[in-house]
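Q: I should like to learn how an interface between two domains is read from a model. Please give the general idea and then the case at hand.

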Amino acid sequence: MKNGTKRLAGIIGWPISHSLSPKIHKFWLKTHKIEGEYLPLETDPEHLEYTLETLFERGFRGANVTLPHKEEAMKFMKFVSPQAEKLGAINTIIVHENGDLEGRNTDMYGFTENLKAASFALKSDEPIVAVLGAGGAARAVVAALQEMNFYEIRIINRTMDKARRLAEDLGGNINIFEWNESEKAMAGAELLVNATSLGMEGQPPLDIEIDALSDKAWVADIVYAPLQTELLKRAAKRGNKTIDGLGMLLHQARPAFKAWFGVDPEVNEKLRKFVLEKE
Ligand code: NAP
């Protein structure tokens, strides 16, 4: 697969056909007239080590890592960024010139940039945020919210043990709530984030009341298929400002593209449209 002067990157996951990352990076390669390619590297768990070990000899400058390998792939990295270390997972690999692999996690960055792009700003002196979920993505979301200086982060999760572990690992200003305490957790929040997989195509709906939320609060969903989730639709109907999950996906891709191809690409309406177009 080594490809002369062509610059190569890809995405390692299993399955991989649903991933929008190839579209994002292909759009940017074309926009910036870079002679490069971004390839799906479908890899089952048994072959993860082989895929990682052969990236260098196959001419890859790097790769994204997605489910189910985000945690396991970290073991094969020579270097791991502090953010990835903190989250216990990587989503981006940089192949150094000597073949060393460096793992990074750009999900925190993606989430923060998406909120910034929507012009979300903290209002009160002691801002509160409620987060649904305590899985891998919720970890990145909560870590990003901590950097935004929320006074209190309330995590609502079905499995309390997982929420407890997240709170212990990330430390600081986190309180955890049972799923049936969600109304209590939402009261007074400036922002509600869905970081569960509920509401995603093929997953059960997110069946949760949001009436306890102020109509001044913002509601963000990190699920992006469908783009307008039922949660966002309900929130918009009651006057809440909403932020969809596609922006997080697009923004998390930017630092990786820059590291591999040397250009900081833009997230704009044209890219969003291109990514959402059915093939
Ligand atoms: P994960 O680690 O499997 O976590 C799933 C979360 O959803 C857990 O909190 C889980 O609760 C909760 N959940 C699942 N089914 C549930 C149910 N029936 N009732 C209540 N809670 C339920 O998955 P993940 O990697 O965090 O991903 C979560 C979602 O984020 C996915 O839809 C993914 O596509 C999306 N995502 C988006 C971006 C982006 O860039 N926009 C990035 C990463 C992920 P328990 O702990 O109780 O199991």
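Q: Which residue forms a salt bridge with E113, and how far apart are the closest N and O atoms?
A: A salt bridge is a side-chain nitrogen of Lys or Arg within 4 Å of a carboxyl oxygen of Asp or Glu. In this predicted model, E113 forms one with R254, and the closest N and O atoms are 3.8 Å apart. Across the interface of domain 1 and domain 2, the rule finds two salt bridges.

Q: On what conventions do such values rest?
A: Residues are numbered from 1 along each chain as its sequence is written, and side-chain values use heavy atoms, with hydrogens and water left out. The model is predicted, so to speak of local features requires pLDDT of at least 70, side-chain atom pairs count only at pLDDT 80 or more, and totals for chains, interfaces and linings use all residues.

Q: Where do domain 1 and domain 2 lie in the chain?
A: Domain bounds come from an automatic or database domain assignment. Here domain 1 comprises 7–105 + 248–276, and domain 2 comprises 109–244. Their C-alpha centres lie 26 Å apart.

Q: How many residues of domain 1 are in contact with domain 2?
A: With contact taken as heavy atoms within 4.5 Å, 12 residues of domain 1 touch 16 residues of domain 2. Buried area is the accessible area (1.4 Å probe) that two parts lose on being put together, summed over both. For these domains it is about 1,300 Å², with carbon and sulfur atoms giving 63%. In domain 1, K86, L87 and M248 lose the most area to domain 2, together 46% of what that side buries.

Q: Which residues surround the ligand most closely?
A: A residue counts as near a molecule if one of its heavy atoms lies within 4 Å of it. By that rule 20 residues surround the ligand, the closest being A137, N157, T159, M200 and I222.

Q: Which polar side-chain or backbone atoms lie by an oxygen atom of the ligand?
A: For a ligand, a polar contact is a pair of N or O atoms within 3.5 Å. A polar side-chain atom of T159 is 2.5 Å from a ligand oxygen, and a backbone N or O atom of A137 is 2.8 Å from a ligand oxygen. A polar backbone atom of A134 lies 2.9 Å from an oxygen of the ligand.

Q: Where is a cis peptide bond found?
A: Most peptide bonds are trans. A cis bond joins W14 and P15, with omega about 0°; another joins L67 and P68, with omega about 5°.

Technical notes
Polar contact = N/O pair within 3.5 Å; in protein donor to acceptor, adjacent residues only side chain to side chain.
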